[in-house]
Structure formats: structure tokens, C-alpha cells
Amino acid sequence: MTRIAFIGLGNMGAPMAGNLVAAGHAVTGFDLAPAAQEAARAAGATIAASAAEAVADAQIVVTMLPAGRHVTAVWEAILPACARGALLIDSSTIDVESARAAHAMAEAAGCLSLDAPVSGGVGGASAGTLTFMAGGSDAAFAAAKPVLEAMGKKVVHCGGPGAGQAAKICNNMILGISMIGVAEAFALGEKLGLSHQALFDVASTSSGQCWSLTTYCPVPGPVPTSPANKGYAPGFAADLMLKDLRLAQAAANASGAATPLGAEAAQLYALFAGQGNGGRDFSAIIEWLRGQAQA
Ligand code: NAD
């Protein structure tokens with residue numbers, strides 16, 4: 001049993017904390033939102049009065065927060081209360097720069113640290129099947145691995161500080177671009193009189209094959225479990241896709257990488273989300289594309 005503090009008990013954090021409890025760990029949580037506190041309490045966590053109180057006795061601290069500014073602010077607030085040698089794991093999706101700043105803060109306080117963002121969404125958080133992509137020292141990764149395995153099915157050490165966030169935004173840039181590509185292909189196929197099933201049967205076994213097609217097909221029918229069959233209820237909301245595409249663009253600009261399709265995908269998702277679609281699944285962009293078509 002490990003004493004774990006969990007800060008940020010929202011849609012992802014509460015079920016992740018619940019899986020740590022289910023694995024036999026003692027979990028003390030904190031969130032600013034009473035509803036999030038309640039969800040974690042129902043999952044078996046003890047709720048502290050503040051983030052600093054939650055970490056006081058912890059061997060491992062996990063944060064699952066909206067953005068980089070929340071992570072650096074929370075780590076700044078809790079590090080003075082953390083035991084020397086404690087391990088801090090941030091599983092939020094944040095910019096690489098903030099992730100590296102958080103690592104530096106932890107090191108200065110004599111703590112181990114890991115950036116370990118996830119893929120798998122709320123479903124994966126509940127089922128304990130997340131994929132973790134981790135950045136940090138070998139010692140931090142070794143200490144974190146058993147705890148991450150209680151919340152996920154795959155844990156990958158991607159490199160040093162920030163490497164987990166780098167892997168996450170690169171992967172999600174592929175995802176955003178590939179979903180637009182698949183949606184464009186179905187929209188073009190419709191104009192050409194091609195059935196959805198025929199295009200799926202060909203592309204899913206040909207060189208157009210990809211996750212956006214075979215798992216998350218943006219038209220109803222060929223993949224019965226995809227959000228297209230449920231009115232595009234998320235799933236993975238367009239607002240979150242836009243957030244990740246913007247993080248990828250910020251990293252591309254800072255590092256000088258050329259990502260013209262990533263930039264275009266960010267613009268298209270900004271237009272789509274800006275028209276009231278931010279809460280819909282990101283595969284619903286096919287409906288927006290159809291709306292752009294010439295009559
Ligand atoms: P969420 O908004 O449901 O949860 C975030 C929680 O952080 C909220 O409950 C909020 O009250 C809390 N919070 C904010 N500031 C705080 C502070 N100073 N102290 C304590 N609590 C604070 O978001 P989520 O969907 O759980 O996502 C969390 C992170 O995981 C984000 O970075 C997101 O990009 C990433 N992520 C989400 C998904 C998904 O499908 N939802 C998938 C992969 C990654």
C-alpha cells in the first residue's frame with residue numbers, strides 16, 4: 001500500500017483515484033469543485049481541506065488539472081508541504097515548457113517528478129485501461145510504474161523531462177489530422193455516390209487504414225461503437241482536440257518544426273468548435289465539412 005495524494009478530481013481524476021483505491025492504496029484527494037470532491041469520495045478517497053494538506057503525508061502525488069498554469073501553481077503551493085524524496089506525477093495534458101518548469105521546481109525541492117499524460121479518455125480512466133506516456137528520470141519512472149499500472153494498461157517511458165507531453169501532442173496531432181482526412185474522404189465519397197460501407201471496406205484494408213477510420217469512423221454504420229452512431233456524443237470532445245492541436249502548434253513554433261497540416265487542423269477545429277460544437281465528439285467535424293461543400 002502506498003500513500004497517494006490526488007489533486008484534480010474531475011472527469012478523469014476521480015475515476016483514476018478510484019482505481020488507485022481499488023488497487024489497495026490509501027488515497028487522499030483535493031479539488032476546488034465540491035462535485036469533484038464528492039465523486040472521489042464516492043470512489044473511496046479521503047478528501048482533504050486543501051492541496052497542501054492532501055500531500056503532507058504522501059509518498060506519491062498525482063495531479064490531473066486543466067492546463068499548464070494550474071499545474072505549476074499547484075506544484076508551487078504543494079512542494080513546501082511534500083516530504084523530501086516524494087514523487088510528483090503530473091498526468092494532465094499541458095505544454096512542454098510548463099512541464100519542464102514543473103520538473104525543475106520538484107528537483108529544487110528534493111523531489112522526484114514525472115510528466116505522464118494519458119490517452120484513453122474518460123472511458124479508459126474508469127476502466128483502468130489508460131496509456132501513460134512518461135517523461136523524467138529512470139528513478140522517477142521506476143517508482144511511478146506500479147502506481148501508473150493500477151490506472152492503465154500500458155506505460156511507456158518516452159525520455160527525460162517533458163518527453164511524455166511531447167509524445168502526447170505529437171500523437172494527438174496525428175489524430176486530429178487523420179480524422180479530418182477520413183472525414184474529407186467520406187464527404188467526397190458521398191458526392192461521388194460511394195456508399196459508406198464500400199469506402200470503409202476498401203480503406204480499412206488498404207493504405208488509408210488508420211485509427212480514425214477503423215475505431216472512430218466518423219459516419220454511422222461501419223463501426224457500430226463509434227460516436228457517429230450516438231449522435232456524436234463524446235468520446236473525445238472537439239474542445240479537447242483543439243486544446244491538444246494548439247499545444248502542438250505552440251511546441252512547433254517554439255522548436256521551429258514545420259507542421260503545416262497540424263496548423264491547418266488547429267484552424268479547422270477552432271472554426272468547428274467556435275460554432276457551438278466544442279462539446280461534441282471531434283469526429284462530428286464531418287458534418288461541418290459537408291456544410292462547407294458547394295451545392
Ligand atoms: P476536468 O475539468 O473534468 O477536471 C479538472 C479538475 O481540476 C476540475 O475538477 C477542477 O475543479 C480541478 N482544478 C482546477 N484547478 C485546481 C486547483 N488549483 N486545485 C485543485 N483542483 C483544481 O478535466 P478532465 O477531463 O478531468 O481533464 C484533466 C486533464 O486530463 C486535462 O489536462 C485534459 O486535457 C486531460 N485529458 C482529458 C481527457 C478526457 O477525455 N477528458 C483525455 C486525456 C487527457
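This dialogue takes up the ligand shell, Lys168 and strand 8.

Tutor: The model is predicted, so local features need pLDDT of at least 70, side-chain atom pairs count only at pLDDT 80 or more, and totals for chains, interfaces and linings use all residues. Residues are numbered from 1 along each chain as its sequence is written.

Student: What makes a residue part of the group that surrounds the ligand, and how many residues surround it?

Tutor: The C-beta atom, placed from the backbone, must lie within 6 Å of the ligand. 26 residues surround the ligand, and the closest are Gly10, Asn11, Met12, Ser92 and Thr93.

Student: How do you know which classes make up the shell around the ligand?

Tutor: Ala, Val, Leu, Ile, Met, Phe, Trp, Tyr, Cys and Pro count as nonpolar; Asp, Glu, Lys and Arg as charged; the others, Gly among them, as polar. On that basis the shell has 16 nonpolar, 8 polar and 2 charged residues.

Student: Which helices each supply at least two residues of that shell?

Tutor: Helix 4 (68-78), helix 6 (121-127) and helix 11 (238-255) do. Helices here are DSSP runs of H or I with at least four residues, strands are runs of E with at least two, and both are numbered from the N terminus.

Student: Why is Lys168 called buried or exposed?

Tutor: A residue is buried if 20 or more other C-beta atoms lie within 10 Å of its own, exposed if 12 or fewer, and partly exposed in between, with C-beta atoms placed from the backbone. Lys168 has 28 such neighbours, so it counts as buried. Lys168 lies in helix 8 (residues 163-191). An unreviewed UniProt entry annotates Lys168 as "active site"; such annotations may be inferred rather than shown by experiment.

Student: What does Lys168 touch?

Tutor: Leaving out residues up to four places away in sequence, Lys168 touches Thr93, Pro117, Ser119 and Met133. Contact means C-beta atoms, placed from the backbone, within 7 Å.

Student: Why is strand 8 described as largely enclosed?

Tutor: Strand 8 covers residues 130-136, and 6 of its 7 residues are buried, so the rest of the structure largely encloses it.

Student: How do you know which strands pair with strand 8?

Tutor: Pairing needs at least two bridges found by DSSP. Strand 6 (residues 112-115) pairs with strand 8 in the antiparallel sense over 2 bridges. Strand 7 (residues 118-119) is also antiparallel to strand 8, with 2 bridges. Strand 9 (residues 152-159) pairs with strand 8 in the parallel sense over 6 bridges.

How values were computed:
Contact = placed C-beta atoms within 7 Å.
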